[in-house]
Amino acid sequence: MYNWLKKRIDSIIPLYGIVPLLACFALNMIVYSGTMILCKNWVHYDLTTSLDESIPLVSSWMYIYFGCYIFWIVNYVMVARIYRDDKKQFYRFVTTDMMSRLVCAVFYMAFPTTNQRPEIVGVSLSDKLLSFLYSIDQPTNLFPSIHCLVSWLCFVGIRKSEKVSYWYKAFSCIMALLVVASTQFTKQHYFVDAIAGIALAEFLFWLNKQISVYQWVEQFFTRLNKKLCRILKGETYEQ
């Protein structure tokens, strides 16, 4: 099994990066869904401003809102690829991602937010997609916006790498900004949610360049990878 993974998967994403990235996804789901359940009956605050009210509902932005999941996967895998030989930078990124979710969890519990969604009267595909989104996603856990946070991390994670072409960096920046716009035009978030998501991504990315918390994260996943390798092959994972 290990040899198959090494042959088929390692060329796409370094094997040591798979578990940390899956852990990021798991933590994201736990924080988002867990706090939503925990705070379901708590008092929620509406941060609507006149600016938010002036932004129209444009359901066609749903294609960006849903399509960004592909963008996230591609860029998170790319981060692992470009830092294949620089685990310090990779684990700083992973640590930033995980820390951001923990900070979000604090906000979601200490300051629960909500908004008033508009009625959808159209019958186009994008209208139906938006109606579907509203039906499965409660209008809570808005501040900071995880959609904006993750999209901006997709950009800052590759921003300084010489291994990534300028055009793709530009694309990632534009795509992240389009995702931010999509949260506004679909009325999933208010303007302050988006700003908070971007600011949190930038701050924690900067912070993890100043501190060494990533070393604990790296040590944890290194030990875990070794154990998983022994299960798969009975050998110590190559470091």
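Here are a few notes on this predicted model, taken point by point.

1. Let's start with the cores. The largest nonpolar core holds 49 residues, and Phe 90 and Val 94 have the most contacts inside it. Helices H2 (15-38), H4 (62-82), H5 (87-110), H7 (146-156), H8 (166-185), H9 (191-210) and H10 (213-233) each contribute at least two residues to this core. H7 gives the largest share, with 9 residues. Apart from this core lies another, of 6 residues, including Met 62, Leu 130, Leu 133 and Tyr 134.

2. Val 94 deserves a look of its own. Leaving aside residues up to four places away in sequence, Val 94 touches Pro 20, Leu 21, Cys 24, Val 217 and Phe 221.

3. Next, a charged residue you may like to inspect: is Arg 101 buried or exposed? Arg 101 sits in helix H5, and with a relative accessibility of 3% it counts as buried. Its side chain makes a polar contact of 2.7 Å with the side chain of Ser 100. Beyond four places in sequence, Arg 101 touches Leu 27, Asn 28, Val 31, Tyr 76, Ile 146, Leu 149, Val 150 and Leu 153.

4. Helix H8 invites a quick check of its geometry. H8 has 20 residues, so at 1.5 Å a residue it should span 28 Å; the C-alpha atoms at its ends are 29 Å apart, which agrees. Just after H8, Lys 187 adopts a positive phi of about 60°.

5. Staying with H8, which of its residues are buried? They are Tyr 168, Lys 169, Ser 172, Met 175, Ala 176, Val 179, Val 180, Ala 181, Ser 182, Thr 183 and Gln 184. The cover over these buried residues includes helix H3 (50-54), together with H4, H7 and H9.

6. Finally, the cysteines. How many disulfides does a search of the whole structure find? The search gives 0. Why is Cys 39 not bonded to Cys 104? The closest cysteine sulfur to that of Cys 39 belongs to Cys 104 and is 13 Å away, so the two are too far apart for a bond; a disulfide would need the sulfur atoms within 2.5 Å. Cys 173 is in no disulfide either, and the nearest cysteine sulfur, that of Cys 154, is 12 Å away. As for its surroundings, Cys 39 is buried, with a relative accessible area of 2%.

Conventions:
Residues numbered from 1 in each chain as written. Predicted model: local features only at pLDDT ≥ 70, side-chain atom pairs only at ≥ 80, totals over all residues. Heavy atoms only, no water. Buried < 20%, exposed > 50% of the residue type's maximum accessible area, 1.4 Å probe, protein only. Core = buried A, V, L, I, M, F, W, Y, C linked by side-chain atoms within 4.5 Å. Helix = DSSP H or I, 4+ residues; strand = E, 2+ residues; numbered from the N terminus. Contact = heavy atoms within 4.5 Å. Polar contact = N/O pair within 3.5 Å; in protein donor to acceptor, adjacent residues only side chain to side chain. Expected span 1.5 Å × (residues − 1).
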